[in-house]
Amino acid sequence: MTDNGLVSCGGGQCHSYTFSFVPSASNPEIDFSPHLALGAHLYGGSSLHANLDVANKDVPLPVGNILLDITAHKFNDLNGNGTQDNGEPDLSGWTMTLFKGTTCSGQPVSSSTSNSPNPGTTDGSGNATWIDLSGSDGDNNGNFSVQETLQAGWTNVTPLCQAVGLTQSGNLATFGNQQLTPNLSITKVARDVTGAPISSIPANGVFSYTITVANSGNADATGVVVTDDLDDSLTVNGTPSYSGSSSGNCAVGA
């Protein structure tokens, strides 16, 4: 075999090799396995050619589409850091849609093209997978995007739309969500007439106190009622007041 280097072909350059042999049968064969560069999946109509000088023929060797898969993975991001850490579970039953292009605003990939349902639904491992995709199934650059359908009671901590291209190293879009949950805390601080915090009250002493309710969760808390049962030995002077970022009111019970 002789390596002829690059030669002009089809307006570009091609690698050329010459195979020389003496046939030992009436139907001799040459078998070889060409390897295409990454990105060839974008050109499903590409072909290799074998030029048979003796027969004066150019024999096309069609190159089929390189088929790869895309997977969308869904997990419960308990700490909201955008990464699936140890102990953070996968989420099943979430709807994922595969689009042509990078912005989830183009045409969804046909279910018949991907050989998988589109939209897809995440399984017990948190995965929705579209199989046997070629670059020509995406946009002109072989790009795709995946969009999750956000469920009620959850917030996304990763983008709802993620671009993904077909590569040999991996075709994975990972989505993290966090459940919307209020997290209430309550503190009570007593103060003397000067406004200084105190931990004990003298007999017949006068003091005021503040009850603070805070919500450090990622969802509103509704229907919250705070009740402070006072000892019968205490006398309430004045009217309790309320201040805060949410609606509320205070009242002195009987």
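# Why these labels? A talk through the predicted model

User: What makes Thr 71 part of a strand pairing, and which residue stands opposite Thr 71 in S8?

Analyst: Thr 129 is the residue across from Thr 71 in S8. Strand S5 (residues 68-76) runs antiparallel to S8, with 5 bridges between them. Two strands pair if DSSP finds at least two bridges between them, so the 5 bridges of S5 and S8 qualify. Strands themselves are DSSP runs of E with at least two residues, and helices are runs of H or I with at least four, numbered from the N terminus. One thing to keep in mind: this is a predicted model, in which local features need pLDDT of at least 70 and side-chain atom pairs pLDDT 80 or more, while totals for chains, interfaces and linings use all residues. Residues are numbered from 1 along each chain as its sequence is written, and side-chain values use heavy atoms, without hydrogens and water.

User: Which sheet holds S5 and S8, and what are its edge strands?

Analyst: They belong to an open sheet of 4 strands in the order S8-S5-S12-S10, with mixed pairing. Strand S8 (127-133) and strand S10 (154-156) are the edges, as each pairs on one side only. On average, neighbouring strands here are turned by 20° against each other, direction ignored. That angle is taken between lines fitted to C-alpha atoms, on a scale from 0 to 180 degrees between N-to-C directions.

User: Why are S7 and S11 called edge strands?

Analyst: A second open sheet of 4 strands has the order S7-S6-S9-S11 and antiparallel pairing. Strand S7 (120-121) and strand S11 (161-165) each have a single partner strand, so one side of each lacks a neighbour in the sheet.

User: How many bridges join S6 to S7, and how many join S6 to S9?

Analyst: Strand S6 (residues 95-100) and S7 share 2 bridges in the antiparallel sense, which just meets "at least two", so they pair. Met 96 has Gly 120 of S7 as its bridge partner. S6 and S9 also run antiparallel, joined by 5 bridges, and there Thr 97 faces Gln 147 in S9.

User: Why is Ser 145 called buried?

Analyst: Buried means under 20% relative accessible area, exposed over 50%, and partly exposed in between (1.4 Å probe, protein chains only). Ser 145 has 0% relative accessibility, so it counts as buried. This serine lies in strand S9 (residues 143-148). Contact means heavy atoms within 4.5 Å; beyond four places in sequence, the contacts of Ser 145 include Thr 97, Leu 98, Cys 104 and Val 164.

User: What does the side chain of Ser 145 reach at 3.0 Å?

Analyst: The backbone nitrogen of Cys 104. A polar contact is a pair of N or O atoms within 3.5 Å, one able to donate a hydrogen and the other to accept it within protein; residues adjacent in sequence count only if both atoms are side-chain atoms. The 3.0 Å from Ser 145 falls within that limit, so the label fits.

User: Buried, exposed or partly exposed: how do Asn 79 and Leu 91 come out?

Analyst: Both sit in the loop between S5 and S6. Asn 79 has 46%, which lies between the two cut-offs, so it is partly exposed. Leu 91 has 11%, under 20%, so it is buried. Asn 79 touches Asp 85, Glu 88 and Gln 178, leaving out residues up to four places away, and its side chain makes a 2.9 Å polar contact with that of Asp 85. Among the contacts of Leu 91 are Lys 74, Phe 75, Thr 122 and Trp 154. The C-alpha atoms of Leu 91 and Asp 123 are 7.7 Å apart, across 32 residues of chain.

User: What makes a nonpolar core, and which residues touch the most other members of the largest one?

Analyst: It is a set of buried Ala, Val, Leu, Ile, Met, Phe, Trp, Tyr and Cys residues joined through side-chain atoms within 4.5 Å. The largest has 14 residues, and Ile 70, Met 96, Leu 98, Trp 130, Leu 133, Phe 144 and Val 146 touch the most other members. S5, S6, S8, S9 and strand S12 (172-179) each give at least two residues, with S8 supplying the largest share, 3 residues.

User: How many helices and strands does the chain have, and what share of it is buried?

Analyst: There are 1 helix and 15 strands, and 21% of the 254 residues are buried.
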